Amino acid sequence: MDNKNIYRARKITEEEIKRQADCTAKVRERILSERDGGARRACCVVTYGCQQNEADGERIAGMARDMGYTITYTPEDAELIIVNTCAVRDHAEKKALSVTGGYKHLKVKNPDLKIGVCGCMVSQEKMSEKLKKSYPYVDFVFGTESIWRFPEILCRNLFTEKRGFYENTGDEVISEEMPVERKSSFSAWVSIMYGCNNFCTYCIVPYVRGRERSRRPEDIIKEVEQLVDDGYKEITLLGQNVNSYGKEYGVDFADLLSDICKIDGDYVLRFMTSHPKDVSDKLIDVIAQNPKIERHFHLPVQSGSDRMLKAMNRHYDTEKYLAAVNKIREKVPDISLSTDIIVGFPGESEEDFEATLDILRKVKYDMIFSFIYSKRDGTPAARSTEQVPDDVKTARFLRMLKVQEPIADERAARYKGQVVRVLCEGRSKNNEAMFTGRDSGMKIVLFEGDESMTGRFVDVKITEARAFGMTGVVVNK
Ligand code: SAH
Ligand code: SF4
Ligand code: F3S
(Lines give C-alpha, C1' and ligand atoms only; values in the text may rest on other atoms or scores of the structure.)
(Ligands and ions follow the chains in the order given, each with its own letter.)
Protein backbone atom coordinates (compact mmCIF):
# COMPACT_ATOMS: atom_id res chain seq x y z
CA MET A 1 0.00 0.00 0.00
CA ASP A 2 1.18 3.51 -0.84
CA ASN A 3 1.42 5.24 2.51
CA LYS A 4 2.75 8.57 1.28
CA ASN A 5 -0.51 10.50 1.42
CA ILE A 6 -1.92 8.93 4.53
CA TYR A 7 -2.65 11.37 7.27
CA ARG A 8 -1.61 10.30 10.74
CA ALA A 9 -3.31 11.93 13.67
CA ARG A 10 -1.14 13.07 16.54
CA LYS A 11 -1.28 10.93 19.66
CA ILE A 12 -1.85 12.82 22.85
CA THR A 13 1.31 13.02 24.94
CA GLU A 14 1.92 11.62 28.42
CA GLU A 15 2.12 15.18 29.67
CA GLU A 16 -1.29 16.03 28.22
CA ILE A 17 -2.80 12.90 29.72
CA LYS A 18 -1.36 13.79 33.11
CA ARG A 19 -2.71 17.33 32.85
CA GLN A 20 -6.24 16.00 32.29
CA ALA A 21 -5.84 13.61 35.22
CA ASP A 22 -4.65 16.46 37.47
CA CYS A 23 -7.57 18.67 36.41
CA THR A 24 -9.99 15.78 36.97
CA ALA A 25 -8.66 15.34 40.52
CA LYS A 26 -8.80 19.06 41.23
CA VAL A 27 -12.41 19.42 40.05
CA ARG A 28 -13.40 16.22 41.83
CA GLU A 29 -12.06 17.46 45.13
CA ARG A 30 -14.04 20.66 44.79
CA ILE A 31 -17.27 19.04 43.61
CA LEU A 32 -17.24 16.45 46.38
CA SER A 33 -16.41 19.05 49.04
CA GLU A 34 -19.34 21.18 47.93
CA ARG A 35 -21.88 18.49 48.65
CA ASP A 36 -25.13 20.11 49.51
CA GLY A 37 -26.92 18.04 52.11
CA GLY A 38 -25.10 14.93 50.91
CA ALA A 39 -26.20 15.29 47.29
CA ARG A 40 -23.54 15.41 44.61
CA ARG A 41 -23.69 17.95 41.83
CA ALA A 42 -25.26 16.64 38.66
CA CYS A 43 -24.14 16.99 35.04
CA CYS A 44 -26.46 16.72 32.05
CA VAL A 45 -25.06 16.29 28.55
CA VAL A 46 -27.66 17.16 25.93
CA THR A 47 -26.64 15.78 22.54
CA TYR A 48 -28.02 16.55 19.07
CA GLY A 49 -26.96 15.11 15.73
CA CYS A 50 -25.64 11.75 14.63
CA GLN A 51 -24.51 8.67 16.53
CA GLN A 52 -20.92 9.92 16.45
CA ASN A 53 -22.06 12.89 18.45
CA GLU A 54 -23.99 10.61 20.81
CA ALA A 55 -20.78 8.65 21.33
CA ASP A 56 -18.89 11.87 22.05
CA GLY A 57 -21.63 12.92 24.49
CA GLU A 58 -21.12 9.66 26.42
CA ARG A 59 -17.37 10.40 26.66
CA ILE A 60 -18.07 13.89 28.01
CA ALA A 61 -20.47 12.40 30.56
CA GLY A 62 -17.76 9.86 31.47
CA MET A 63 -15.27 12.63 32.17
CA ALA A 64 -17.87 14.55 34.22
CA ARG A 65 -18.55 11.40 36.27
CA ASP A 66 -14.83 11.01 36.96
CA MET A 67 -14.77 14.66 38.06
CA GLY A 68 -17.27 13.85 40.79
CA TYR A 69 -20.55 14.72 39.10
CA THR A 70 -23.56 12.44 39.07
CA ILE A 71 -25.10 12.02 35.64
CA THR A 72 -28.65 13.16 34.99
CA TYR A 73 -30.68 13.29 31.80
CA THR A 74 -32.88 16.12 33.10
CA PRO A 75 -31.29 19.56 32.51
CA GLU A 76 -33.45 21.14 35.25
CA ASP A 77 -31.71 18.92 37.81
CA ALA A 78 -28.18 19.74 36.66
CA GLU A 79 -25.54 22.15 37.87
CA LEU A 80 -23.44 21.53 34.80
CA ILE A 81 -25.13 21.42 31.39
CA ILE A 82 -23.17 20.61 28.26
CA VAL A 83 -24.96 21.15 24.94
CA ASN A 84 -23.31 18.91 22.34
CA THR A 85 -24.35 20.41 19.02
CA CYS A 86 -24.78 19.41 15.37
CA ALA A 87 -24.30 21.57 12.27
CA VAL A 88 -25.41 19.32 9.45
CA ARG A 89 -28.50 21.34 8.56
CA ASP A 90 -29.77 24.80 9.47
CA HIS A 91 -32.52 23.24 11.56
CA ALA A 92 -29.97 21.45 13.77
CA GLU A 93 -28.19 24.73 14.50
CA LYS A 94 -31.42 26.59 15.22
CA LYS A 95 -32.39 23.83 17.63
CA ALA A 96 -29.05 23.94 19.46
CA LEU A 97 -29.23 27.72 19.80
CA SER A 98 -32.80 27.75 21.02
CA VAL A 99 -32.15 24.98 23.52
CA THR A 100 -29.07 26.81 24.81
CA GLY A 101 -31.13 30.00 25.02
CA GLY A 102 -33.73 28.12 27.03
CA TYR A 103 -31.19 27.33 29.77
CA LYS A 104 -30.77 31.03 30.55
CA HIS A 105 -33.73 30.93 32.95
CA LEU A 106 -32.18 27.97 34.80
CA LYS A 107 -29.10 30.08 35.40
CA VAL A 108 -31.26 32.87 36.80
CA LYS A 109 -32.69 30.37 39.29
CA ASN A 110 -29.30 28.87 40.07
CA PRO A 111 -26.32 31.20 39.56
CA ASP A 112 -23.96 28.27 40.27
CA LEU A 113 -25.12 26.54 37.11
CA LYS A 114 -22.38 26.17 34.50
CA ILE A 115 -23.30 25.96 30.81
CA GLY A 116 -20.88 24.65 28.18
CA VAL A 117 -21.50 24.26 24.46
CA CYS A 118 -19.45 21.86 22.33
CA GLY A 119 -19.65 19.77 19.16
CA CYS A 120 -19.91 20.44 15.47
CA MET A 121 -21.83 23.72 15.46
CA VAL A 122 -19.29 25.54 17.61
CA SER A 123 -16.41 24.08 15.60
CA GLN A 124 -17.24 26.86 13.14
CA GLU A 125 -15.59 30.11 14.15
CA LYS A 126 -18.63 32.24 13.39
CA MET A 127 -20.86 30.17 15.71
CA SER A 128 -18.34 30.25 18.53
CA GLU A 129 -18.19 34.05 18.08
CA LYS A 130 -21.97 34.26 18.11
CA LEU A 131 -22.14 32.49 21.46
CA LYS A 132 -19.38 34.69 22.84
CA LYS A 133 -21.24 37.85 21.87
CA SER A 134 -24.92 37.01 22.21
CA TYR A 135 -25.07 34.25 24.86
CA PRO A 136 -23.25 35.77 27.86
CA TYR A 137 -24.58 33.08 30.20
CA VAL A 138 -22.64 30.40 28.29
CA ASP A 139 -19.50 29.75 30.37
CA PHE A 140 -17.35 27.88 27.90
CA VAL A 141 -17.37 26.65 24.32
CA PHE A 142 -15.15 23.94 22.85
CA GLY A 143 -14.83 22.44 19.37
CA THR A 144 -14.75 18.75 18.41
CA GLU A 145 -10.94 18.68 18.63
CA SER A 146 -10.97 19.60 22.30
CA ILE A 147 -13.27 16.94 23.74
CA TRP A 148 -10.43 15.10 25.47
CA ARG A 149 -9.45 18.40 27.13
CA PHE A 150 -12.85 18.82 28.80
CA PRO A 151 -11.43 18.37 32.36
CA GLU A 152 -8.91 21.14 31.75
CA ILE A 153 -11.55 23.41 30.15
CA LEU A 154 -14.02 22.94 33.01
CA CYS A 155 -11.31 23.25 35.65
CA ARG A 156 -10.11 26.59 34.25
CA ASN A 157 -13.64 27.92 34.26
CA LEU A 158 -14.44 26.73 37.77
CA PHE A 159 -11.25 28.09 39.28
CA THR A 160 -10.94 31.38 37.39
CA GLU A 161 -14.60 32.13 36.61
CA LYS A 162 -13.37 33.34 33.21
CA ARG A 163 -15.33 32.40 30.11
CA GLY A 164 -13.37 30.07 27.82
CA PHE A 165 -13.56 29.67 24.03
CA TYR A 166 -11.62 26.81 22.45
CA GLU A 167 -11.84 26.73 18.68
CA ASN A 168 -10.58 23.99 16.38
CA THR A 169 -7.08 24.74 15.13
CA GLY A 170 -6.35 21.59 13.14
CA ASP A 171 -4.75 19.83 16.11
CA GLU A 172 -6.49 16.49 15.57
CA VAL A 173 -5.69 13.78 18.05
CA ILE A 174 -6.88 10.31 18.84
CA SER A 175 -7.41 9.87 22.53
CA GLU A 176 -7.85 6.37 23.93
CA GLU A 177 -7.85 7.75 27.44
CA MET A 178 -11.37 9.19 27.70
CA PRO A 179 -13.72 7.45 30.14
CA VAL A 180 -17.30 6.76 29.07
CA GLU A 181 -20.71 6.85 30.69
CA ARG A 182 -22.99 4.89 28.37
CA LYS A 183 -26.68 5.71 28.29
CA SER A 184 -27.66 2.12 27.59
CA SER A 185 -26.59 -1.02 29.42
CA PHE A 186 -27.11 -3.26 26.40
CA SER A 187 -26.45 -1.22 23.26
CA ALA A 188 -23.12 0.56 22.73
CA TRP A 189 -21.50 2.88 20.22
CA VAL A 190 -17.87 2.30 19.29
CA SER A 191 -16.21 4.99 17.18
CA ILE A 192 -13.66 3.33 14.94
CA MET A 193 -12.55 6.49 13.18
CA TYR A 194 -13.07 10.22 13.25
CA GLY A 195 -13.40 12.96 10.65
CA CYS A 196 -14.07 12.77 6.95
CA ASN A 197 -12.01 13.37 3.80
CA ASN A 198 -14.76 13.21 1.24
CA PHE A 199 -15.86 16.81 0.98
CA CYS A 200 -19.24 16.14 -0.57
CA THR A 201 -20.04 19.64 -1.79
CA TYR A 202 -23.15 20.11 0.39
CA CYS A 203 -21.64 18.82 3.64
CA ILE A 204 -20.18 20.66 6.62
CA VAL A 205 -18.85 17.54 8.39
CA PRO A 206 -15.27 17.59 6.98
CA TYR A 207 -14.93 21.22 8.10
CA VAL A 208 -16.12 20.63 11.66
CA ARG A 209 -14.71 17.15 12.27
CA GLY A 210 -11.38 17.43 10.52
CA ARG A 211 -9.42 14.88 8.54
CA GLU A 212 -10.21 11.19 8.56
CA ARG A 213 -8.24 9.23 11.14
CA SER A 214 -8.70 5.68 12.38
CA ARG A 215 -8.25 4.16 15.82
CA ARG A 216 -5.84 1.26 16.03
CA PRO A 217 -7.53 -2.12 15.43
CA GLU A 218 -6.21 -3.51 18.73
CA ASP A 219 -7.73 -0.62 20.69
CA ILE A 220 -11.11 -1.17 19.03
CA ILE A 221 -11.00 -4.92 19.63
CA LYS A 222 -10.12 -4.38 23.27
CA GLU A 223 -13.11 -2.05 23.69
CA VAL A 224 -15.51 -4.49 22.02
CA GLU A 225 -14.18 -7.41 24.12
CA GLN A 226 -14.81 -5.39 27.25
CA LEU A 227 -18.34 -4.49 26.11
CA VAL A 228 -19.16 -8.12 25.38
CA ASP A 229 -17.75 -9.08 28.79
CA ASP A 230 -19.94 -6.42 30.38
CA GLY A 231 -23.00 -7.99 28.77
CA TYR A 232 -23.62 -5.56 25.90
CA LYS A 233 -25.82 -7.15 23.24
CA GLU A 234 -25.56 -4.70 20.37
CA ILE A 235 -22.40 -2.94 19.28
CA THR A 236 -22.51 -0.31 16.55
CA LEU A 237 -19.23 0.64 14.89
CA LEU A 238 -19.21 4.28 13.91
CA GLY A 239 -17.45 6.41 11.34
CA GLN A 240 -18.46 8.93 8.68
CA ASN A 241 -17.21 6.47 6.09
CA VAL A 242 -16.38 3.16 7.74
CA ASN A 243 -15.36 1.60 4.41
CA SER A 244 -12.21 3.67 4.34
CA TYR A 245 -11.16 2.54 7.82
CA GLY A 246 -7.61 1.56 8.62
CA LYS A 247 -5.46 3.02 5.86
CA GLU A 248 -2.87 4.06 8.47
CA TYR A 249 -2.36 0.44 9.50
CA GLY A 250 -2.59 -1.35 6.16
CA VAL A 251 -5.89 -2.99 7.12
CA ASP A 252 -9.41 -2.35 5.92
CA PHE A 253 -12.91 -2.33 7.38
CA ALA A 254 -13.62 -5.88 6.22
CA ASP A 255 -10.53 -7.11 8.16
CA LEU A 256 -11.64 -5.24 11.26
CA LEU A 257 -15.19 -6.61 11.06
CA SER A 258 -14.06 -10.19 10.64
CA ASP A 259 -11.60 -9.85 13.53
CA ILE A 260 -14.32 -8.45 15.78
CA CYS A 261 -16.63 -11.32 14.81
CA LYS A 262 -14.06 -13.73 16.30
CA ILE A 263 -14.93 -12.40 19.76
CA ASP A 264 -17.18 -15.04 21.35
CA GLY A 265 -20.45 -14.06 22.95
CA ASP A 266 -24.16 -13.45 22.50
CA TYR A 267 -24.08 -10.07 20.78
CA VAL A 268 -24.68 -8.51 17.37
CA LEU A 269 -22.73 -5.99 15.35
CA ARG A 270 -23.89 -3.03 13.31
CA PHE A 271 -21.94 -0.36 11.49
CA MET A 272 -22.51 3.00 9.87
CA THR A 273 -22.04 4.83 7.57
CA SER A 274 -20.78 3.23 4.37
CA HIS A 275 -19.87 5.32 1.36
CA PRO A 276 -21.01 3.67 -1.90
CA LYS A 277 -17.72 4.49 -3.61
CA ASP A 278 -15.83 2.22 -1.21
CA VAL A 279 -18.08 -0.85 -0.91
CA SER A 280 -15.83 -3.82 -1.66
CA ASP A 281 -16.63 -7.44 -2.55
CA LYS A 282 -14.49 -8.39 0.43
CA LEU A 283 -16.75 -6.41 2.79
CA ILE A 284 -19.90 -7.97 1.34
CA ASP A 285 -18.36 -11.44 1.75
CA VAL A 286 -17.49 -10.77 5.39
CA ILE A 287 -21.08 -9.68 6.08
CA ALA A 288 -22.48 -12.70 4.27
CA GLN A 289 -20.25 -15.10 6.23
CA ASN A 290 -20.76 -13.68 9.70
CA PRO A 291 -24.15 -14.15 11.36
CA LYS A 292 -23.07 -11.78 14.16
CA ILE A 293 -23.36 -8.90 11.69
CA GLU A 294 -26.93 -7.69 11.49
CA ARG A 295 -28.75 -7.85 8.15
CA HIS A 296 -28.92 -4.14 7.55
CA PHE A 297 -26.90 -2.00 5.16
CA HIS A 298 -27.19 1.78 5.18
CA LEU A 299 -25.91 3.00 1.83
CA PRO A 300 -26.60 6.70 1.28
CA VAL A 301 -27.26 7.38 -2.40
CA GLN A 302 -28.12 11.12 -1.98
CA SER A 303 -29.50 11.44 -5.54
CA GLY A 304 -30.51 9.26 -8.49
CA SER A 305 -29.16 11.73 -11.05
CA ASP A 306 -25.62 11.21 -12.30
CA ARG A 307 -25.35 14.93 -12.98
CA MET A 308 -26.22 15.71 -9.36
CA LEU A 309 -23.93 13.00 -7.99
CA LYS A 310 -21.06 14.58 -9.88
CA ALA A 311 -21.95 18.04 -8.60
CA MET A 312 -22.13 16.57 -5.10
CA ASN A 313 -18.59 15.11 -5.50
CA ARG A 314 -19.81 11.64 -4.57
CA HIS A 315 -17.37 9.69 -6.81
CA TYR A 316 -19.91 7.15 -8.07
CA ASP A 317 -22.69 7.12 -10.63
CA THR A 318 -26.02 5.32 -10.47
CA GLU A 319 -24.65 2.38 -12.47
CA LYS A 320 -21.88 1.78 -9.94
CA TYR A 321 -24.30 2.28 -7.06
CA LEU A 322 -26.86 -0.18 -8.44
CA ALA A 323 -24.09 -2.73 -9.08
CA ALA A 324 -23.13 -2.50 -5.39
CA VAL A 325 -26.77 -2.94 -4.32
CA ASN A 326 -27.16 -5.96 -6.60
CA LYS A 327 -24.01 -7.57 -5.23
CA ILE A 328 -25.14 -7.01 -1.66
CA ARG A 329 -28.57 -8.50 -2.34
CA GLU A 330 -27.09 -11.42 -4.26
CA LYS A 331 -24.74 -12.41 -1.42
CA VAL A 332 -27.01 -11.46 1.48
CA PRO A 333 -30.55 -11.92 0.14
CA ASP A 334 -32.35 -11.21 3.42
CA ILE A 335 -30.62 -7.86 3.95
CA SER A 336 -32.57 -4.71 4.67
CA LEU A 337 -31.37 -1.63 2.78
CA SER A 338 -31.69 1.98 3.79
CA THR A 339 -30.43 5.24 2.34
CA ASP A 340 -30.11 9.00 2.73
CA ILE A 341 -31.49 11.33 0.05
CA ILE A 342 -31.06 15.06 -0.40
CA VAL A 343 -33.87 16.86 -2.18
CA GLY A 344 -33.28 20.21 -3.86
CA PHE A 345 -29.50 20.23 -4.18
CA PRO A 346 -28.51 23.39 -6.15
CA GLY A 347 -29.25 22.96 -9.84
CA GLU A 348 -31.59 19.98 -9.32
CA SER A 349 -34.02 20.02 -12.25
CA GLU A 350 -37.36 18.26 -12.47
CA GLU A 351 -35.59 15.61 -14.53
CA ASP A 352 -32.88 15.11 -11.90
CA PHE A 353 -35.54 14.77 -9.24
CA GLU A 354 -37.45 12.22 -11.34
CA ALA A 355 -34.22 10.23 -11.58
CA THR A 356 -34.12 10.12 -7.76
CA LEU A 357 -37.70 8.82 -7.67
CA ASP A 358 -36.62 6.27 -10.24
CA ILE A 359 -33.78 4.93 -8.12
CA LEU A 360 -36.20 4.54 -5.21
CA ARG A 361 -38.43 2.44 -7.46
CA LYS A 362 -35.47 0.42 -8.73
CA VAL A 363 -33.77 -0.32 -5.42
CA LYS A 364 -36.89 -0.62 -3.26
CA TYR A 365 -35.34 0.47 0.02
CA ASP A 366 -36.74 -0.74 3.32
CA MET A 367 -36.20 2.71 4.78
CA ILE A 368 -35.17 6.12 3.50
CA PHE A 369 -33.97 9.16 5.42
CA SER A 370 -34.72 12.17 3.27
CA PHE A 371 -33.53 15.71 3.80
CA ILE A 372 -34.30 19.01 2.18
CA TYR A 373 -31.02 20.55 1.05
CA SER A 374 -29.79 23.10 3.57
CA LYS A 375 -27.15 25.68 2.63
CA ARG A 376 -24.03 25.34 4.78
CA ASP A 377 -21.70 28.34 4.81
CA GLY A 378 -18.23 27.53 3.58
CA THR A 379 -19.26 24.55 1.45
CA PRO A 380 -19.02 24.76 -2.38
CA ALA A 381 -22.74 24.07 -2.96
CA ALA A 382 -23.72 27.03 -0.79
CA ARG A 383 -21.95 29.31 -3.28
CA SER A 384 -23.95 27.97 -6.24
CA THR A 385 -26.19 30.50 -7.94
CA GLU A 386 -28.66 27.76 -8.86
CA GLN A 387 -30.36 27.34 -5.47
CA VAL A 388 -33.74 25.61 -5.72
CA PRO A 389 -36.62 27.70 -4.30
CA ASP A 390 -37.96 26.54 -0.93
CA ASP A 391 -41.48 25.80 -2.20
CA VAL A 392 -40.09 23.58 -4.96
CA LYS A 393 -37.87 21.72 -2.46
CA THR A 394 -40.79 21.13 -0.11
CA ALA A 395 -43.12 19.97 -2.89
CA ARG A 396 -40.49 17.50 -4.16
CA PHE A 397 -39.81 16.25 -0.65
CA LEU A 398 -43.50 15.44 -0.13
CA ARG A 399 -43.75 13.80 -3.55
CA MET A 400 -40.83 11.61 -2.69
CA LEU A 401 -42.38 10.40 0.55
CA LYS A 402 -45.52 9.45 -1.42
CA VAL A 403 -43.44 7.36 -3.82
CA GLN A 404 -41.51 5.62 -1.04
CA GLU A 405 -44.43 4.77 1.23
CA PRO A 406 -45.96 1.94 -0.83
CA ILE A 407 -42.46 0.60 -1.56
CA ALA A 408 -41.60 0.42 2.14
CA ASP A 409 -45.00 -1.20 2.82
CA GLU A 410 -44.29 -3.79 0.16
CA ARG A 411 -40.81 -4.47 1.56
CA ALA A 412 -42.22 -4.78 5.08
CA ALA A 413 -44.92 -7.21 3.98
CA ARG A 414 -42.33 -9.96 3.52
CA TYR A 415 -41.98 -10.18 7.29
CA LYS A 416 -45.63 -11.00 8.00
CA GLY A 417 -45.93 -14.41 9.65
CA GLN A 418 -42.15 -14.66 10.15
CA VAL A 419 -40.37 -14.95 13.47
CA VAL A 420 -37.72 -12.25 13.92
CA ARG A 421 -35.13 -11.83 16.65
CA VAL A 422 -35.47 -8.48 18.37
CA LEU A 423 -33.28 -6.78 20.95
CA CYS A 424 -35.87 -5.42 23.38
CA GLU A 425 -35.18 -1.76 24.20
CA GLY A 426 -37.96 -1.42 26.80
CA ARG A 427 -41.36 0.19 26.85
CA SER A 428 -42.32 2.10 23.71
CA LYS A 429 -42.37 5.88 24.19
CA ASN A 430 -45.18 6.31 21.65
CA ASN A 431 -47.29 3.43 22.86
CA GLU A 432 -46.88 2.84 26.60
CA ALA A 433 -48.81 -0.43 26.50
CA MET A 434 -46.22 -2.05 24.24
CA PHE A 435 -42.55 -2.94 24.34
CA THR A 436 -40.25 -2.14 21.47
CA GLY A 437 -36.99 -3.09 19.82
CA ARG A 438 -35.42 -3.53 16.42
CA ASP A 439 -34.97 -6.60 14.31
CA SER A 440 -31.79 -7.50 12.46
CA GLY A 441 -32.85 -5.22 9.59
CA MET A 442 -33.30 -2.21 11.96
CA LYS A 443 -37.10 -2.33 11.64
CA ILE A 444 -39.00 -1.15 14.72
CA VAL A 445 -41.06 -3.98 16.23
CA LEU A 446 -43.81 -3.52 18.85
CA PHE A 447 -44.97 -6.36 21.09
CA GLU A 448 -46.57 -7.00 24.45
CA GLY A 449 -43.90 -7.74 27.00
CA ASP A 450 -42.56 -7.10 30.47
CA GLU A 451 -39.61 -5.27 32.00
CA SER A 452 -37.56 -8.46 32.27
CA MET A 453 -37.23 -8.48 28.47
CA THR A 454 -35.41 -5.13 28.31
CA GLY A 455 -31.87 -5.61 27.08
CA ARG A 456 -32.55 -9.20 25.97
CA PHE A 457 -33.14 -10.80 22.60
CA VAL A 458 -36.69 -12.02 22.13
CA ASP A 459 -38.23 -13.89 19.21
CA VAL A 460 -41.29 -12.14 17.86
CA LYS A 461 -43.79 -13.55 15.37
CA ILE A 462 -44.88 -10.69 13.12
CA THR A 463 -48.63 -10.23 12.85
CA GLU A 464 -48.67 -6.83 11.16
CA ALA A 465 -45.95 -5.33 8.99
CA ARG A 466 -46.09 -1.76 7.74
CA ALA A 467 -43.54 0.73 6.43
CA PHE A 468 -43.10 2.48 9.77
CA GLY A 469 -43.00 -0.56 11.97
CA MET A 470 -44.11 -4.05 12.71
CA THR A 471 -46.25 -5.54 15.43
CA GLY A 472 -45.94 -9.08 16.71
CA VAL A 473 -46.22 -11.59 19.51
CA VAL A 474 -43.30 -12.85 21.60
CA VAL A 475 -42.92 -16.59 21.03
CA ASN A 476 -40.04 -17.51 23.37
CA LYS A 477 -40.98 -16.05 26.75
N1 SAH B 1 -21.08 10.36 6.54
C2 SAH B 1 -22.37 9.97 6.29
C3 SAH B 1 -23.47 10.85 6.85
C4 SAH B 1 -23.26 12.31 6.96
S5 SAH B 1 -24.53 13.36 7.44
C6 SAH B 1 -22.50 9.76 4.81
O7 SAH B 1 -21.67 10.14 4.05
O8 SAH B 1 -23.47 9.18 4.40
C9 SAH B 1 -26.01 12.44 7.22
C10 SAH B 1 -26.82 12.84 6.04
O11 SAH B 1 -27.22 14.18 6.12
C12 SAH B 1 -26.12 12.73 4.72
O13 SAH B 1 -26.09 11.44 4.22
C14 SAH B 1 -26.95 13.64 3.85
O15 SAH B 1 -28.01 12.95 3.24
C16 SAH B 1 -27.50 14.64 4.84
N17 SAH B 1 -26.90 15.96 4.66
C18 SAH B 1 -25.61 16.31 4.80
N19 SAH B 1 -25.43 17.62 4.52
C20 SAH B 1 -26.66 18.11 4.20
C21 SAH B 1 -27.15 19.39 3.81
N22 SAH B 1 -26.33 20.43 3.68
N23 SAH B 1 -28.47 19.52 3.57
C24 SAH B 1 -29.30 18.47 3.69
N25 SAH B 1 -28.89 17.25 4.03
C26 SAH B 1 -27.59 17.06 4.29
FE1 SF4 C 1 -20.43 14.50 4.61
FE2 SF4 C 1 -19.85 13.21 2.41
FE3 SF4 C 1 -18.25 12.99 4.53
FE4 SF4 C 1 -20.64 11.89 4.56
S5 SF4 C 1 -18.97 11.31 3.20
S6 SF4 C 1 -19.72 13.10 6.17
S7 SF4 C 1 -21.88 13.28 3.40
S8 SF4 C 1 -18.61 14.83 3.31
FE1 F3S D 1 -24.12 16.67 12.93
FE2 F3S D 1 -21.57 16.65 13.43
FE3 F3S D 1 -22.87 14.39 13.21
S4 F3S D 1 -22.60 17.98 12.02
S5 F3S D 1 -24.48 14.85 11.78
S6 F3S D 1 -23.20 15.90 14.75
S7 F3S D 1 -20.78 14.78 12.57
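This passage describes the domains of a predicted model and the surroundings of two of its ligands.

The chain divides into three parts: domain 1 (10-166), domain 2 (187-413) and domain 3 (419-476). The C-alpha centres of domain 1 and domain 2 are separated by 30 Å. Across their boundary, 19 residues of domain 1 contact 16 residues of domain 2. The size of an interface is often expressed as the accessible area lost when the parts come together. Here, domain 1 and domain 2 bury about 1,600 Å² between them. Carbon and sulfur atoms account for 49% of this area. On the domain 1 side, Gln51, Gln52 and Arg89 lose the most area to domain 2. Together they supply 38% of what that side buries.

Ligand 1 is surrounded by 15 residues, of which Tyr202, Gln240, Gln302, Asp340 and Ser374 come nearest. Seven residues of this shell are nonpolar, four are polar and four are charged. Two side chains make polar contacts with the ligand. An N or O atom in the side chain of Gln240 lies 2.7 Å from a nitrogen atom of ligand 1. For the side chain of Asp340, the corresponding distance to an oxygen atom of ligand 1 is 2.6 Å. Ser374 contributes through its backbone, with an N or O atom 2.8 Å from a ligand nitrogen. Taken alone, ligand 1 exposes 540 Å², and the protein buries 90% of that. Strand 15 (336-343) and strand 16 (367-372) each give two or more residues to the shell.

Gln240 also belongs to the surroundings of ligand 3. The other residues there are Gly49, Cys50, Asn53, Cys86, Ala87, Val88, Cys120 and Arg209. By class, the shell around ligand 3 comprises five nonpolar residues, three polar and one charged.

Note on methods: Residues numbered from 1 in each chain as written. Chains lettered and ligands numbered in written order. Predicted model: local features only at pLDDT ≥ 70, side-chain atom pairs only at ≥ 80, totals over all residues. Heavy atoms only, no water. Near = heavy atom within 4 Å. Polar contact = N/O pair within 3.5 Å; in protein donor to acceptor, adjacent residues only side chain to side chain. Areas by Shrake-Rupley, 256 points an atom, 1.4 Å probe, with all protein chains shown as cover. Helix = DSSP H or I, 4+ residues; strand = E, 2+ residues; numbered from the N terminus. Nonpolar A, V, L, I, M, F, W, Y, C, P; charged D, E, K, R; others polar. Domains from an automatic or database assignment. Contact = heavy atoms within 4.5 Å. Buried area = accessible area lost by both parts, 1.4 Å probe.
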